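Please look over the sequence and the 3D structure below. A short report follows.

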Amino acid sequence: MNKTILYIGWIGYRNLGDDLLWNLFRDRADKYFGSGQITIVPSLSGVNIQHLERYDTIVLGEGSLIAPT
C-alpha cells in the first residue's frame, strides 16, 4: 500500500541546511522503503500545505540560516 509523505522545508532556495537535509531524507527514504511503498511530496512552490488530509505523514524539515545572500 502506497503512503504519501509531505516534506515541509525551505527547499530549492539555495539554503545549504534545508537543501542538505531534504536530500538526506529523500536518499534514506529511497534506501529503506521499496519503490511503490511511499510517495514523497516536497513543499516546492505550487504545493498547497493548507490541505493536509491527503497525506499519511508530514515531516517538518530542518535547516540552517546559511545562504549565498
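## A loop residue to start with

Arg14 is exposed, because its relative accessibility is 62% and the cut-off for exposed is over 50%. Arg14 sits in the loop between E1 and H1. Its backbone also deserves a look. The phi angle of Arg14 is near 60°. That is a positive value in a residue other than glycine.

## Overall layout

This is a predicted model. The protein chain holds 1 helix and 3 strands. Along the sequence, their pattern is β-α-β-β.

Taken along the principal axes, the C-alpha atoms fill a box of roughly 40 × 30 × 15 Å. The protein chain has 69 residues, and 26% of them are buried. About 5100 Å² of the chain is exposed. Carbon and sulfur atoms supply 57% of that area. Now count the contacts with a separation of 6 or more: 74% of them come from residues 24 or more positions apart.

## The sheet

In what order do the 3 strands lie in the open sheet? The order is E2-E1-E3, with parallel pairing. Strand E2 (38-42) and strand E3 (57-60) are the edge strands, and each pairs on one side only. Neighbouring strands are turned by 25° against each other on average, direction ignored. As a rule, strands of a sheet pair through backbone hydrogen bonds, either parallel or antiparallel.

Take the two pairings in turn. E1 and E2 are joined in the parallel sense by 5 bridges. Here Tyr7 stands opposite Pro42 in E2. Strand E1 covers residues 3-8, and 4 bridges link it to E3. E1 and E3 also run parallel. Leu6 has Ile58 in E3 as its bridge partner.

E2 is an edge strand, yet it is mostly covered. Of its 5 residues, 4 are buried. Each of those 4 is counted as buried because its relative accessible area falls under 20%.

## The helix across the sheet

Helix H1 spans residues 16-32. It lies across E1, E2 and E3. Against E2, helix H1 runs at about 170°.

Leu24 belongs to helix H1. Leu24 is partly exposed, because its relative accessibility is 36%, between the cut-offs of 20% and 50%. Leu24 also helps to make a nonpolar surface patch, together with Leu16, Leu20 and Leu21. The area of this patch is about 330 Å².

## The salt bridge

How many salt bridges does a search of the whole structure find? The search finds 1. The side chains of Asp27 and Arg26 meet in a salt bridge, at 3.8 Å from N to O. This pair qualifies because the cut-off is within 4 Å.

Are Asp27 and Arg26 buried, exposed or partly exposed? Asp27 is partly exposed, since its relative accessible area is 38%. Arg26 is partly exposed as well, with a relative accessible area of 30%. Both values lie between the 20% and 50% cut-offs, so neither residue counts as buried or as exposed.

How values were computed. Residues numbered from 1 in each chain as written. Predicted model: local features only at pLDDT ≥ 70, side-chain atom pairs only at ≥ 80, totals over all residues. Heavy atoms only, no water. Pairing = 2+ DSSP bridges. Helix = DSSP H or I, 4+ residues; strand = E, 2+ residues; numbered from the N terminus. Axes fitted to C-alpha atoms, helices over the stretch in contact; angles between N-to-C directions. Contact = heavy atoms within 4.5 Å. Patch = residues over 30% accessible without salt bridge, like charges linked within 9 Å, V, L, I, M, F, W, Y side chains within 5 Å. Areas by Shrake-Rupley, 256 points an atom, 1.4 Å probe, with all protein chains shown as cover. Buried < 20%, exposed > 50% of the residue type's maximum accessible area, 1.4 Å probe, protein only.
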